[in-house]
Amino acid sequence: MSATTGETVKVVAPSTLAEGYTFDATVNGEVIKVSIPPGGVKEGEMFDAPIVTAVALSTPPLDAASNDVALVGAWRHGLFSCFDTCANGMFWMTCCCELIAIGQLLQRLKMNFMGQPNGSYKNTCMVWTVLMVVLVVIQSVNSLLDYKNAPSDPTIDAELSASDYIFQIIYYIVLIFALAALTRARFFMREKWSIPADCCEGFGCLSDCCCAYWCGCCATIQMMRHTHDEKQDGYSCGSKTGLSDDAADVV
């Protein structure tokens with residue numbers, strides 16, 4: 001039986017949402033728009049949602065067959081839910097090798113290394129992995145040179161060497177590229193799945209840039225957890241996409 005406006009259905013909150021917020025949910029194979037009841041809901045909470053209207057999606061909800069709630073209108077997990085993954089390789093990869101995690105995310109979304117969806121993406125993770133390795137090597141060599149050239153008198157402050165300046169220039173160039181790529185990817189995901197901005201609503205990708213700059217690791221983990229149900233498609237640190245080969249493609 002088709003759902004009609006005014007009825008209520010039981011759904012599971014995809015994230016913590018405020019009163020009055022609406023999102024698309026899949027119930028008995030039918031996509032409907034439901035509203036958050038007074039008082040709001042917390043992530044994972046099952047609640048009776050008033051049906052606003054039945055809707056037709058131009059883009060099928062990602063992995064909808066295995067989820068009670070379609071991944072449209074809200075992130076699957078909150079920005080700071082990244083701490084729930086402390087025992088997961090995704091957490092440590094992102095915290096210790098964030099550039100590689102960004103590369104995995106971009107390749108999963110079929111984006112090139114700058115976060116453009118229409119470019120070549122087959123080597124995106126490799127590009128960011130190489131950049132990560134180059135930074136580590138340069139930093140290690142620079143640290144050895146600083147140690148070797150350090151003044152014998154510990155009371156004398158060492159001056160910045162040419163290698164220090166070279167490393168800092170390369171580091172900040174790569175950092176700017178990473179910030180731009182992650183901002184583009186986050187904006188792309190929000191547009192694709194109709195997810196509201198975390199802040200600065202109405203200012204395009206400004207919210208995404210803020211998340212990428214101030215909470216880069218948390219934002220990366222949130223985005224990686226959104227594309228697939230981690231209970232079915234666990235994280236694989238050695239994969240170019242962070243997923244096993246039999247995981248479904250992002251559509």
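I take a residue to be buried when its relative accessible area is under 20%, exposed when it is over 50%, and partly exposed in between. By that rule I entered Cys210 as partly exposed, because its relative accessible area is 24%. The model I am reading is a predicted one.

**Entry 1. The chain as a whole**

I began with the secondary structure and found six helices and four strands in the protein chain. Along the sequence, the elements follow the pattern β-β-β-β-α-α-α-α-α-α. I then looked up burial: the chain has 251 residues, and 41% of them count as buried. For contacts between residues at least 6 apart in sequence, I noted that 65% join residues at least 24 apart.

**Entry 2. Cysteines**

How many disulfides does a search of the whole structure find? The search finds zero. I checked Cys95 in particular, which is in no disulfide; the nearest cysteine sulfur belongs to Cys217 and is 4.8 Å away. With a relative accessibility of 40%, Cys95 counts as partly exposed.

I turned next to Cys210. Why is the sulfur of Cys210 not bonded to the closest cysteine sulfur, in Cys199? The two sulfurs are 4.5 Å apart, which is too far for a bond, since a disulfide requires cysteine sulfur atoms within 2.5 Å.

I followed this pair further. Cys199 and Cys210 are 11 residues apart along the chain, and their C-alpha atoms are separated by 8.4 Å. I located Cys199 in the loop between α4 and α5. Its relative accessibility is 31%, so I recorded Cys199 as partly exposed. Setting aside neighbours within four places in sequence, I found Cys199 in contact with Ser207 and Cys210.

**Entry 3. Positive phi in the loop between α4 and α5**

I looked up backbone angles in this loop. Ser194 is not a glycine, yet it has a positive phi of about 50 degrees. Ser194 is found in the loop that runs between α4 (162-192) and α5 (206-214). At 49% relative accessibility, Ser194 counts as partly exposed.

Cys200, likewise a residue other than glycine, has a positive phi near 50 degrees. I placed Cys200 in the loop between α4 and α5. Its relative accessible area is 29%, and Cys200 is therefore partly exposed.

**Entry 4. Helix α1**

Which residues of helix α1 (residues 89-96) are buried? I listed Met90, Phe91, Met93 and Thr94. An α-helix has 3.6 residues a turn, so residues three or four places apart point the same way. I then asked what the buried residues of α1 pack against, and found α2 (98-108) and α6 (216-227).

At the N-terminal end of α1, I found Asn88 acting as a cap. A side-chain oxygen of Asn88 lies 2.8 Å from the backbone nitrogen of Met90.

**Entry 5. Cavity**

I searched the whole structure for cavities of 30 Å³ or more, and the search finds one. The largest cavity holds about 60 Å³ of space. Its lining includes Met90, which is also among the buried residues of α1. Other lining residues include Arg108, Met224, Arg225, His228, Asp229 and Tyr235. By class, I entered four nonpolar, three polar and five charged residues for the lining of this cavity.

Conventions: Residues are numbered from 1 along each chain as its sequence is written. This is a predicted model: local features need pLDDT of at least 70, side-chain atom pairs count only at pLDDT 80 or more; totals for chains, interfaces and linings use all residues. Side-chain values use heavy atoms; hydrogens and water are left out. Buried means under 20% relative accessible area, exposed over 50%, partly exposed in between (1.4 Å probe, protein chains only). Helices (H or I, at least four residues) and strands (E, at least two) are DSSP runs, numbered from the N terminus. On a 1 Å grid over the protein atoms alone, a cavity is a set of points where a 1.4 Å probe fits but cannot get out, and a pocket is an open set with protein on both sides within 12 Å along at least five of seven lines; lining residues have an atom within 4 Å of a point. Grid points are joined across faces, edges and corners, and a volume is the space filled by probe spheres set on the points. Ala, Val, Leu, Ile, Met, Phe, Trp, Tyr, Cys and Pro count as nonpolar, Asp, Glu, Lys and Arg as charged, and the others, Gly among them, as polar. Contact means heavy atoms within 4.5 Å. A polar contact is a pair of N or O atoms within 3.5 Å; within protein, one must be able to donate a hydrogen and the other to accept it, and residues adjacent in sequence count only if both atoms are side-chain atoms.
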